[in-house]
Amino acid sequence: MEEELFCIGCGAKIQTEQPKELGYTPQSALEKGLENGEVYCQRCFRLRHYNEIQDVSLTDDDFLRLLNELGKADALIVNVVDIFDFNGSLIPGLHRFVGDNPVLLVGNKVDLLPKSLKRGRLTQWMRERAHEEGLRPVDILLTSARKSNEMTDLLAKIEEYRDGRDVYVVGVTNVGKSTLINQIIKQTAGVQDLITTSQFPGTTLDKIEIPLDDGHYLFDTPGIIHRHQMAHYLGKKDLKIIAPHKEIKPKVYQLNAGQTLFLGGLARFDFIQGERASFVAYVSNDIEPHRTKLEKADAFYDKHKGGLLQPPRPDEVSAFPELVRFEYSIKEKTDIVFAGLGWVTVTTPAVVAGWAPKGVDVLTRKALI
Ligand code: GDP
């Protein structure tokens, strides 16, 4: 019988028959890989060498199967979320799937938020939001997976809460889970970049096991795709623009009622009614907001999307979904969140509207900052 092989990038079972399925690698590449002692599937190989992602089909059933597995296990569940895209990175209904297992909530990418923000405030805010979703984490930790020193704290917490059990690391795609796992591996085994990481959603495909000291395992699970994230509607180059790379610089605007703010061509914020006030945009530093009059905003968008208002790029405009409007009457300091792109903080009572491409969520939440 043939020996079963697994991709060292994503953990998928290696196969040479079906190019569009998980774990595919051409026979010749497989032989070469075996010679070098490093077998990657074609997808991970391309990603590592050309920074290029290939689509592979993953079904909702796979995710359900994974979530059900969590409930059956006796384990610590580490749920990694992207603090910059908090709402977009929650797993709907996670609390129902975990059963009695404790959940450690990890807010990753904390490096993107202004340094002035107090960590205690941030974790408190996360706790409140988690409770609203029915999730009661045993603890909340902020991390930056890019900084190895922060991993020591995370590992200590994991040791504390796992209490001799297995660990499952779960999260939606793109929260930085692979980066975090790579750091954990580096710290525990000294092997660098064993798992594929990328800035494109949906990279980690199958469960990866990392042995722990006491015969238990830490499992890295596939990223769960959250369809309402902006990232799924954009090309690779645009994804690089919308994903912040470093600390975001809040952009403050004094607006009068009847003014509109465009966030590139991706989203739109209308100030409809209220006293003149400040509004703060928290988006990647590479996205240029544009201010215009509300009454002219529709025409402005039609004329400038793909041009002055980018992304989308000119060649993507025709396929880019139309913007859909959501109106809100705001009473207290509130964030209008554009899933995966960022948010605008409204500081005083106002009637506003948020617009996002059809399929992308716009929502409100208690202001984070
Ligand atoms: P996964 O899909 O959850 O496994 O996410 P990846 O580990 O592939 O990371 C997705 C993107 O987020 C990559 O571009 C990473 O470089 C980036 N990333 C991961 N962790 C951090 C972090 O702590 N801070 C910042 N700024 N970016 C991060």
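Biologist: In which sense do strand 5 and strand 6 (residues 217-220) pair?
Modeller: This is a predicted model: local features need pLDDT of at least 70, side-chain atom pairs count only at pLDDT 80 or more, and totals for chains, interfaces and linings use all residues. Strands (E, at least two residues) and helices (H or I, at least four) are DSSP runs numbered from the N terminus, and a pair of strands needs at least two DSSP bridges. Strand 5 and strand 6 have four bridges, and their sense is antiparallel.

Biologist: Which residue of strand 6 stands opposite E209?
Modeller: Residues are numbered from 1 along each chain as its sequence is written, and side-chain values use heavy atoms, without hydrogens or water. I208 has D220 as its bridge partner in strand 6. Opposite E209 stands F219.

Biologist: Which residues of strand 5 (residues 208-211) point to the buried face?
Modeller: In a regular strand, side chains alternate between the two faces of the sheet. E209 and P211 point to one face and are not buried (buried is under 20% relative accessible area, with a 1.4 Å probe and protein chains only). The buried residues, on the other face, are I208 and I210.

Biologist: Which residue in the hairpin of strand 5 and strand 6 takes a positive phi?
Modeller: Five residues lie between the two strands of this hairpin. The phi in question is near 85°, and the residue is G215.

Biologist: Which strands are at the edges of the sheet with the order 3-2-1-4-6-5?
Modeller: Six strands make up this open sheet, and their pairing is mixed. An edge strand here pairs on one side only, which holds for strand 3 (139-142) and strand 5.

Biologist: Which strands does helix 6 (residues 149-162) lie across?
Modeller: Helix 5 (residues 119-132) packs on the same sheet and touches strand 1, strand 2 (103-108) and strand 3, a contact being heavy atoms within 4.5 Å. Helix 6 lies across strand 1, strand 2, strand 3 and strand 4 (166-170).

Biologist: Is D82 buried or exposed?
Modeller: D82 is in strand 1 (residues 75-82). Leaving out residues up to four places away in sequence, D82 touches S89, N108, K109, N174 and V175. The relative accessible area is 7%, so D82 counts as buried.

Biologist: Which residues touch the most other members of the largest nonpolar core?
Modeller: A nonpolar core is a set of buried Ala, Val, Leu, Ile, Met, Phe, Trp, Tyr and Cys residues joined through side-chain atoms within 4.5 Å. The largest has 59 residues, and strand 1 gives the largest share, six residues. The members with the most such contacts are V78, M126 and L154.

Biologist: Which residues does L154 touch, not counting those up to four places away in sequence?
Modeller: L154 belongs to the core of 59 residues. The residues that L154 touches are L104, V106, L141, T143, L180 and I184.

Biologist: Why is one side of strand 7 (251-255) left without a neighbour in the sheet?
Modeller: The sheet is open, with five strands in the order 7-10-14-13-16 and antiparallel pairing. Strand 7 and strand 16 (362-366) stand at the edges, so the reason is that each has a single partner strand.

Biologist: What is the bridge partner of Q254?
Modeller: Strand 7 runs antiparallel to strand 10 (residues 277-283), with five bridges joining them. In strand 10, the partner of Q254 is S278.

Biologist: What share of the protein's residues count as buried?
Modeller: The secondary structure comprises nine helices and 16 strands. Of contacts between residues at least 6 apart in sequence, 72% join residues at least 24 apart. Of the 369 residues, the buried share is 53%.

Conventions: Buried < 20%, exposed > 50% of the residue type's maximum accessible area, 1.4 Å probe, protein only. Axes fitted to C-alpha atoms, helices over the stretch in contact; angles between N-to-C directions.
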